[in-house]
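Colleague: I would like to go through the labels one at a time and hear what each rests on. Please put the model up first.

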Amino acid sequence: MTMSPVITPLAFSRRLKNRIVQGLVWLAFAIAVVPLVSVLWLVVKNGYARFDAEFLTHSMRNIGARDAGGGAYHAVLGTLEQVGLATLISVPIGLLTAVYLVEYGQGRRLSRSISFFVDVMTGIPSVVAGLFVLAFWVLVLGFGYSGFAGALALSILMMPTVVRSAEEMLRLVPNDLREASYALGVPKWKTITRIVLPTALTGIVTGVMLAIARVAGETAPLLLTVFITDSINTDPFTGPQMGLPLYVFDQAQRPNVTAVDRAWAGALTLILIVMLLNLVARLITWWRSPAKGR
Amino acid sequence: MVTPLRTREGGPATGRPAFRRSRGEGPFRFATTGAGILLLAIMAAIAVFLIVKAVPALQANTSHFLTEKIWTPNSTKPVFGIAALAFGTVISSFLALIMALPVAIGVALFISHYAPRRLAGVLGYVIDLLAAVPSVVYGLWGVIFLIPFMKGPSTFLNTYFGWIPLFAGDAVYGKSILTGSIVLGIMILPIIAAISREVFLQAPTSLEEASLALGATRWEMIRMSVLPFGRPGVISAAMLGLGRAMGETIAVALIFPATFDITFKVLSANGNSIAANIANGFGEATPIGQGALIASGLVLFVITLVVNTAARLIIARRKEYSRAAA
């Protein structure tokens, strides 16, 4: 920068402050990355030891307290079923709610209160969702612990996320499309199901996958509703099941090295599943984003 | 495919078409409205059923629920109270917030105003990954790595800053409230950073350019135009983070010392939280014990509800933040 005689150079203290803050901001970012690197590194390093074929194909049945071996097959199976069921429950409800908020509710009091409580619902602690299903489904209705009870708890956690992301995507659909459709005499509900939803589909799928990734790692609600078992239970509607996060929690509390090794391998499996879901979701957005470069 | 307009009698449309509601419209509208109402009903049901199952346990309690520290609901003469647990929840969450907030604001500023434009998106994603790591993995990391690791820094704090009541105490442990709070801080950092980043990005460019044009340095521009604009957003982000920290369960269930004391000495082997106690106490709980845990969950629900509602009200009041609320 050329200095004209009227412009005096910046005071030293101002330049110094500017530099110091810049340094602090960079430092903050570095501090934030340290735990991430540490967690990922330790999970990969320690999880690698037991991340083998036996781990992925065997349950913990008949594995003694001090035995090595055993695996998380029953837990992976349980997690897939529970998360699948939770998705089946929460996506229709969440999507319909989002449609209501964007297409029908405009400015109504009901819509405003739903919108507000969806936000509040995002903040419900996962353990409270678990306690609710425990109180409602397991204790009052007397259905007992099951994978489905866990799925109910997970779906409560998924719903607000699905509503929010779907709502955002529906709002991105240009109004011209709706108006063009109305102009052709297409009724509103058909406009929504044939025009608006397909347009927003990729974005909605991304949101759902991020929601799945979020609940797949939830432990507390499962602990209270699915219980813990060492055996394979393929039926999510009867009897205790296992879940991968539960498995990690269970093994981490056991005092033996073999159990801790299994916990790390479970954590590695869990992180791989969650990161994969995240990555695919981001790739979908990146691939077909309506607003590229955001 | 669109059916041609018809008159009410069913004949072909002549002149001004009579509008008939499509047959699918009613049910579809009903379904969408119903789904929305169902969500409200779930929120109400959560409160109702927690109360329904908590009341019998509270009636069986032989002590005062709000002031009692001890938690022995499974004995024949149940004694339990929320005091120590609520205290632990509050102190650990606030410690986590104090540690996470400055870093989160720094990260948000870094991504919104300092990082090279092309990298900003990727770096933001890296921070979001912190939120993607499941809570139980943080718990495992805390137990195996952070607890032994914290022995050193904790001893340092106790030796040189022991005059601060927070770090006082005769014995220092790695398995302490402080270690749990650090993990909580890491877990709420990405939430606070993400919302703050959105808010900072929405600061009016005209103001930023104006202050730069007047000769302000980058920091002066941020201090005078970005931070004042973003302050309510950052406050509410911090409160959302606080709510998250209070409800966080599994990581702290593995790390907190799980004793029922009220102490400010965060380096000692004392302390617990409501959520951690639910996870740890559920396995051996009798029906009364389960009711007691549900009662404590109700308290947690109410506390987080208040914190979250306040945070949302702050965001909702400002239209400019519309995009940041996600």
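Modeller: Let us start with Ile156(A), which lies in helix 6 (residues 147-172) of chain A. Helices (H or I, at least four residues) and strands (E, at least two) are DSSP runs, numbered from the N terminus. This is a predicted model, in which local features need pLDDT of at least 70 and side-chain atom pairs count only at pLDDT 80 or more, while totals for chains, interfaces and linings use all residues. Residues are numbered from 1 along each chain as its sequence is written, and chains are lettered from A and ligands numbered from 1 in the order in which they are written.

Colleague: Is Ile156(A) buried or exposed, and how do you know?

Modeller: A residue is buried if 20 or more other C-beta atoms, placed from the backbone, lie within 10 Å of its own, exposed if 12 or fewer, and partly exposed in between. Ile156(A) has 26 within that distance, so it is buried.

Colleague: What does Ile156(A) touch, leaving out residues up to four places away in sequence?

Modeller: Ala129(A) and Ile42(B). Contact here means that the C-beta atoms of two residues, placed from the backbone, lie within 7 Å. Ile156(A) is also 8.8 Å from Ser126(A), C-alpha to C-alpha, with their positions 30 residues apart in sequence.

Colleague: Helix 6 of chain A also holds Ala153(A). What makes Ala153(A) buried or exposed?

Modeller: The count is 32 other C-beta atoms within 10 Å, so Ala153(A) is buried. Beyond four places in sequence, its contacts are Ala129(A), Gly130(A), Val133(A), Pro221(A) and Thr225(A). Gln82(A) is 71 residues away from Ala153(A) in sequence, with the C-alpha atoms 9.7 Å apart.

Colleague: How do you know the shape of helix 8 (residues 188-216) of chain A, and what is its span between end C-alpha atoms?

Modeller: The expected span is 1.5 Å times one less than the number of residues. For 29 residues a straight helix would give 42 Å, but helix 8 of chain A spans only 36 Å. There is a kink of about 60 degrees centred on Leu201(A). The bend at a residue is the angle between axes fitted to the seven residues ending there and the seven starting there.

Colleague: Why is chain A set apart from a compact globule?

Modeller: Chain A has 11 helices and zero strands. Its radius of gyration, taken over C-alpha atoms, is 25 Å, well over the 19 Å that the globule rule gives for 294 residues, so chain A is more spread out than a compact globule. The rule is 2.2 Å times the number of residues to the power 0.38. Along the principal axes, the C-alpha atoms fill a box of roughly 80 × 65 × 35 Å. Buried residues make up 51% of chain A.

Colleague: And what value does chain B have against that rule?

Modeller: Chain B has 26 Å, where a compact globule of 326 residues would have a radius of gyration near 20 Å. Its C-alpha trace spans about 95 × 65 × 30 Å along the principal axes. The elements of chain B are 10 helices and two strands, in the order α-β-β-α-α-α-α-α-α-α-α-α from the N terminus.

Colleague: What makes up the contact between the two chains?

Modeller: Chain B gives 72 residues and chain A gives 78. On the side of chain B, helix 1 (residues 25-60) supplies the largest share, 19 residues. That side of chain B divides into 51 nonpolar, 16 polar and five charged residues. Ala, Val, Leu, Ile, Met, Phe, Trp, Tyr, Cys and Pro count as nonpolar, Asp, Glu, Lys and Arg as charged, and the others, Gly among them, as polar.

Colleague: Which domains does the assignment give for chain B?

Modeller: Domain 1 (25-60) and domain 2 (82-322), with bounds from an automatic or database domain assignment. Their C-alpha centres lie 29 Å apart. The contact between them takes nine residues from domain 1 of chain B and eight from domain 2 of chain B. On the domain 1 side these are eight nonpolar, no polar and one charged.

Colleague: Why single out the phi of Asn62(A)?

Modeller: Most residues other than glycine have a negative phi. Asn62(A) is not a glycine, yet its phi is positive, about 65 degrees. The residue lies in the loop between helix 2 (53-57) and helix 3 (73-104) of chain A. With 11 other C-beta atoms within 10 Å, Asn62(A) is exposed.

Colleague: What is the phi of Ala258(B), and is that residue buried or exposed?

Modeller: Its phi is positive too, about 60 degrees. Ala258(B) lies in the loop between helix 8 (250-255) and helix 9 (274-281) of chain B. Its count is 21 other C-beta atoms within 10 Å, so Ala258(B) is buried.
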